Amino acid sequence: MISTVKEIEREAQEKLGQIQSAEDLEGFRVLYLGRKGKLQALMMQIKTLEGEGKKEFGREVNQLKKFLEESVQNLKGRFEGQSGEKESFDETLPGIIPSVGTLHPINETILEIIKVFEKLGFEIVDGPEIETEFHNFTALNIPLDHPSRDSFDTFYTAGKQLLRSQTSTVQIRIMQDRKPPLRLIAPGRVYRPDTVDASHSFMFHQIEGLMVDDKTTFSDLKGVLHLFFREFFGKETKIRFRPHFFPFTEPSVEVDIRWGKKGWLEILGAGMVDPNVFDAVGYDSKKVQGFAFGLGVERIAMLRHGIPDIRLFYENDLRFLRQFR
Ligand code: PHE
């Protein structure tokens, strides 16, 4: 009797190997596991036995049952959706569109600004956010006791390094490394001890610009910035240059843009690179001239998209971020 069980198992194994479709599988299932199937017949036989023989035969039949059930279950997955009207595939239904990420409005604005300067032959460069006092202050003509250090003063690490408070640090790093002519754009994060409100954040983004050559004049600066503003904000854009002070440029200006009826809005700081900065990086300040500018990215992104509060940029609220495709 035990040999019958073994035989059925062998036969079933052979049949399993021939199954090609869901119909084949269903035929197999009915033949072995169906109500009038081979397994059921064996089950009936158990009842007719007694004692040790019954136990042993029962065990064998149960093993066969487990084998048959598992085989059917395993094959089922393979044929799923192949027949059966319920699982049929409707190719007229719209597909599932995978969700694609979008650029953060800050990065999008940076890329748009960069595009304009690339057309003018400016190269994109990068610098570290953790800086030395030399790069953030001293080389930029801001000595330890200079009052303008206050507004730029920043977060220090235990090792006397600091989180840069301006991207002007990148000017220094590149000039230490290379000789003129230079035409650079350096986007990145900066840090200031500012109290957070609708228009201030302890961290924000700047884009630094630097051009150095043997003859770079203030009219080059004006020309480049005029072009940038017209390309970026439109042909009709009006800007004005207002005298200002920065330790690392002389003369220095702030540039405002005419904004609706609200009047003038400050967008960037700029000026001719101070000879002391050239001296600090080992250039001959009598032989080179240059201009530099720094603009605030959040400011520009807020103007572009009509965003009223700077904090919206950093909250990771997808309802806000998804609006910028
Ligand atoms: N670094 C200045 C700031 O953060 C901006 C600036 C850059 C001004 C370059 C002049 C030249 O305010």
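The largest pocket of this predicted model is lined by 43 residues, and those nearest its centre are Arg192, Phe204, Glu266, Gly296 and Arg299. Its volume is about 1000 Å³.

Several secondary-structure elements supply the wall of this pocket. Those giving two or more residues to the lining are helix 7 (149-152), helix 8, strand 5, strand 6 (239-246), strand 7 (249-259), strand 8 (263-273), strand 9 (289-296) and helix 11 (297-305). Strand 8 provides the largest share of the lining, with six residues. By residue class, the pocket lining comprises 19 nonpolar, 16 polar and eight charged residues.

The structure also holds one cavity of 30 Å³ or more. About 40 Å³ of space lies within the largest cavity. Its lining is made up of Val125, Val170, Gln171, Leu184, Ile185, Ala186, Glu208, Gly209 and Leu210. Helix 8 (168-177), strand 4 (182-191) and strand 5 (203-213) are the elements that give two or more residues to this lining. Of the residues lining the largest cavity, six are nonpolar, two are polar and one is charged.

The composition of the two linings is set out below.

| Lining | Nonpolar | Polar | Charged |
|---|---|---|---|
| Largest pocket | 19 residues | 16 residues | eight residues |
| Largest cavity | six residues | two residues | one residue |

Helix 8 and strand 5 appear in both descriptions: each gives two or more residues to the lining of the largest pocket, and each gives two or more residues to the lining of the largest cavity.

Terms used:
Residues are numbered from 1 along each chain as its sequence is written. This is a predicted model: local features need pLDDT of at least 70, side-chain atom pairs count only at pLDDT 80 or more; totals for chains, interfaces and linings use all residues. Side-chain values use heavy atoms; hydrogens and water are left out. On a 1 Å grid over the protein atoms alone, a cavity is a set of points where a 1.4 Å probe fits but cannot get out, and a pocket is an open set with protein on both sides within 12 Å along at least five of seven lines; lining residues have an atom within 4 Å of a point. Grid points are joined across faces, edges and corners, and a volume is the space filled by probe spheres set on the points. Helices (H or I, at least four residues) and strands (E, at least two) are DSSP runs, numbered from the N terminus. Ala, Val, Leu, Ile, Met, Phe, Trp, Tyr, Cys and Pro count as nonpolar, Asp, Glu, Lys and Arg as charged, and the others, Gly among them, as polar.
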